[in-house]
Amino acid sequence: MSAVQEVVTEAPAVEAVPKKAMTLGYGTSLAVLALLIVVPLFVKNFIIFQMTMLLIYALAVMALNILTGSSGQFSLGQSAFYAVGAYTSAILMETYNINYALTLPISGIICFGFGYLFGKPALRLSGVYLALATFALATAMPQLLKLGVFEPWTGGVQGLVVTKPDAPFGLPMSQDMWLYYFTLAVSIAIYVASVNLLRSRSGRAFMAIRDNEIAASAMGVDVALYKTLAFGVSAGITGVAGALGAIAVQFVAPDSYTITLAISLFLGMVVGGVGWLPGSIVGSAFIIFVPNIAEGISKGLSGAVFGILLFLVIFLVPHGARQVSVVAQQLIGKLRKS
Amino acid sequence: MELFTNQVLAGIATGAIYACMALAVVMIYQAIDHLNFAQGEMAMFSTFVAWQLMQWGVPYWGAFVITLAFSFVGGIAIERLLFKPLAKAPILTNVAGFIALYAIINSFAGLIWDFTIKQFPTPFGSSPFLGSQLISTHQAGMIGVTMILLLLLFFFFRFTRIGLAMRAAASLPESARLVGINTSWMIALGWGMAAAIGSIAGMMIAPVVFLEPNMMLGVLIYGFAAAVLGGLTSPFGAVIGGFLVGIFENLAGTYIPGIGNELKLPIALALIIVVLVVKPAGLFGRPIVKRV
């Protein structure tokens, strides 16, 4: 076997996404936003809770999208960052009595550091190896959390119970509804920040690395720095999502953050369309509702349904929800003309 | 000192499991230039097939041979049906395909054979080997099988036309096509062989870890750690890496306080990271030189 590889002819790990295609237009964004604000006023608490989870997973999927879609690195270990964020928030709230809103940035920063540090050895890897190393991280995480050494903080196998916050200032809202709007505000802030990040100098550096690492470094992009930075940012956002998840579910336990979660997030990204940030919410809806439907038909079926649907997506609509939305837009355009 | 020797021996015994899996991981990488996440699950499924055959009254070696043939054909079928159309797709799509395959096989194995733990027989017996309490005849047999497999693969890839053609197709597809190698079928053949090696690994491992749909997850991670340690380009390194990982795991469990059984996977993770930081090519691997 020849040890020399032709880099120039090698296909990029991730297909390039035009920068314009990464976001939605203003009109569509506002329509989606209005829908997200109005719907909870008319539905039951349980559905509000599910919508909260939808936003939280959408954040986590988007974090992975920033890593994979823009910087071209894989991660099957997002569940580990999600777990760290969730535990950080839970421990700060329960042991140190810190306000829940304040725990989010702390979780984000800790996860950023964790992701940045993990990104260092991951620099040596690309493509499938990176996927496998992060896969190892995700499988090891539940066992790390169960460690006896950390038990005074993590509560070991039993996990921790988190109190749900009340609506502040005596607002006449249920806890679920308050938490939903709180999550929505955080999600919008992070979404806007991410869009701006990708439009900035750093975002362009990410994309240059994704499309051709050698050309990027020739143009003066510090490849190692930006690759680890992408890992850090992605982990940080996932950490915030994890913290929100812990508050919403009111419970953290090692076995909620297994490899299945990481696979779900990865799946959500592929279904939503790699590199298309608004697709994250479609992907998130997919990973929340499809298993429920599948489990309703037969227990243990959700894995098979997930897998088969994933193959269908890969073969029929390789760009996921982005492709569907583009086709829909073209159809609408045709209808208008005729 | 006796404790130390005993632990090393026990480590070699468990290391044989990892060596088996690492060998499968590296061989597939050599043949198809991809790492297959569903490898462990494919091996698990094959092992279940062998178990089912034995339940129907087929003798061990009969079931062994039928399972090998089934895995070989199954591996080729999966490649032809699902992964051949993806050959030109970005790596991301391939990884997604492997993940999908992982989920499907795991879920179907659970549906067909449910999640209860099953006993799997061993052809070597489980009495102490050469009077030693630490290595059973099964473990000795497993080490033997791994070694034989390694030798066979070595000869196959070095001295047979088809083995050479497979290596050529994996490393430089364009040039291989120019000298008349049917690269597409070489990849299918690689999948078939990978599945067959995996099934051997599965049938050797099952008597130790017991048969259930999730039995391969930990083993796959350890197999990967072993492959990384030995060098992903070297089958010999993978086997040595497997034994080293086994020994390291046992010694760490004995001498470092606070590390018990529940820390097994984090050790593998730490090992992977340390090797990648200190010596990314592994102990026996060739560093990959890239021409720009």
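This text walks through a predicted model, taking chain A before chain B.

Chain A holds 14 helices and three strands. It has 338 residues, of which 51% count as buried. Its contacts reach along the sequence: among those between residues at least 6 apart, 79% join residues at least 24 apart.

A useful starting point in chain A is helix H7, residues 175–199. Its 25 residues should span 36 Å at 1.5 Å a residue, and this agrees with the end C-alpha atoms, which are 36 Å apart. The buried residues of H7(A) begin with Asp176(A) and Met177(A) and run to Leu198(A); among them are also Leu179(A), Tyr180(A), Thr183(A), Ser187(A), Ile190(A), Tyr191(A) and Ser194(A). An α-helix has 3.6 residues a turn, so residues three or four places apart point the same way. The partners of the buried residues in H7(A) are H2, helix H8 (201–211) and H10 of chain A.

Two of these partners, H8(A) and H10(A), also meet each other. Their axes come within 10 Å and cross at roughly 105°. H8(A) and H10(A) therefore count as roughly perpendicular, since angles from 65 to 115 degrees are classed that way. On the H8(A) side the residues are Ser202(A), Ala205(A), Phe206(A) and Ile209(A), and on the H10(A) side they are Val223(A), Tyr226(A), Lys227(A), Leu229(A) and Ala230(A). Sorted by class, this contact has seven nonpolar residues, one polar and one charged.

The remaining partner, helix H2 (residues 45–71) of chain A, also has a crossing with helix H11 (residues 259–272) of chain A. Here the axes come within 9 Å and the angle is roughly 75°, which means that H2(A) is roughly perpendicular to H11(A). The residues of H2(A) that take part are Tyr57(A), Ala60(A), Val61(A), Leu64(A), Asn65(A) and Thr68(A). They meet Leu265(A), Phe266(A), Gly268(A), Met269(A) and Gly272(A) in H11(A). The contact of H2(A) with H11(A) has seven nonpolar and four polar residues, and no charged ones.

Two loop residues in chain A can be read against these helices. Leu123(A) sits in the loop between helix H4 (100–122) and helix H5 (127–145). Is Leu123(A) partly exposed or buried? Leu123(A) has 18 C-beta neighbours inside 10 Å and therefore counts as partly exposed, because burial takes 20 or more. Beyond its neighbours within four places in sequence, Leu123(A) is in contact with Ala224(A), Lys227(A) and Thr228(A). Leu225(A) lies 102 residues from Leu123(A) along the chain, yet their C-alpha atoms are separated by 9.5 Å.

The other loop residue is Gln250(A), placed between helix H10 (223–249) and strand S3 (251–252) of chain A. Most residues other than glycine have a negative phi. Gln250(A), however, has a positive phi near 65°. With 14 other C-beta atoms within 10 Å, Gln250(A) is partly exposed.

Chain B comes to eleven helices and three strands. Along the sequence, the pattern is α-α-α-α-β-β-α-α-α-α-α-α-α-β. Of its 292 residues, 51% count as buried. Residues 24 or more positions apart account for 76% of the contacts in chain B with a separation of 6 or more.

Helix H3 of chain B covers residues 60–83. Its 24 residues should span 34 Å at 1.5 Å a residue, and its end C-alpha atoms are 32 Å apart, which agrees. Buried residues in H3(B) include Ala63(B), Thr67(B), Ser71(B), Phe72(B), Gly75(B), Ile78(B), Glu79(B) and Phe83(B). The buried residues of H3(B) pack against helix H2 (39–55), helix H4 (91–113) and helix H8 (183–209) of chain B.

Two of those partner helices each supply a residue to look at. In H8 of chain B there is Leu189(B), which is buried, with 22 other C-beta atoms within 10 Å. The C-alpha atoms of Leu189(B) and Gly75(B) are separated by 8.2 Å, though the two are 114 residues apart along the chain.

In helix H4 of chain B there is Ala109(B). It has 24 C-beta neighbours inside 10 Å and so counts as buried. Which residues does Ala109(B) touch, not counting those up to four places away in sequence? They are Met44(B), Phe45(B), Phe48(B) and Pro213(B). Ala252(B), 143 residues from Ala109(B) along the chain, has its C-alpha atom 34 Å from that of Ala109(B).

Terms used: Residues numbered from 1 in each chain as written. Chains lettered and ligands numbered in written order. Predicted model: local features only at pLDDT ≥ 70, side-chain atom pairs only at ≥ 80, totals over all residues. Helix = DSSP H or I, 4+ residues; strand = E, 2+ residues; numbered from the N terminus. Buried ≥ 20, exposed ≤ 12 C-beta atoms within 10 Å, placed from the backbone. Contact = placed C-beta atoms within 7 Å. Axes fitted to C-alpha atoms, helices over the stretch in contact; angles between N-to-C directions. Parallel < 35°, antiparallel > 145°, perpendicular 65-115°, else oblique. Nonpolar A, V, L, I, M, F, W, Y, C, P; charged D, E, K, R; others polar. Expected span 1.5 Å × (residues − 1).
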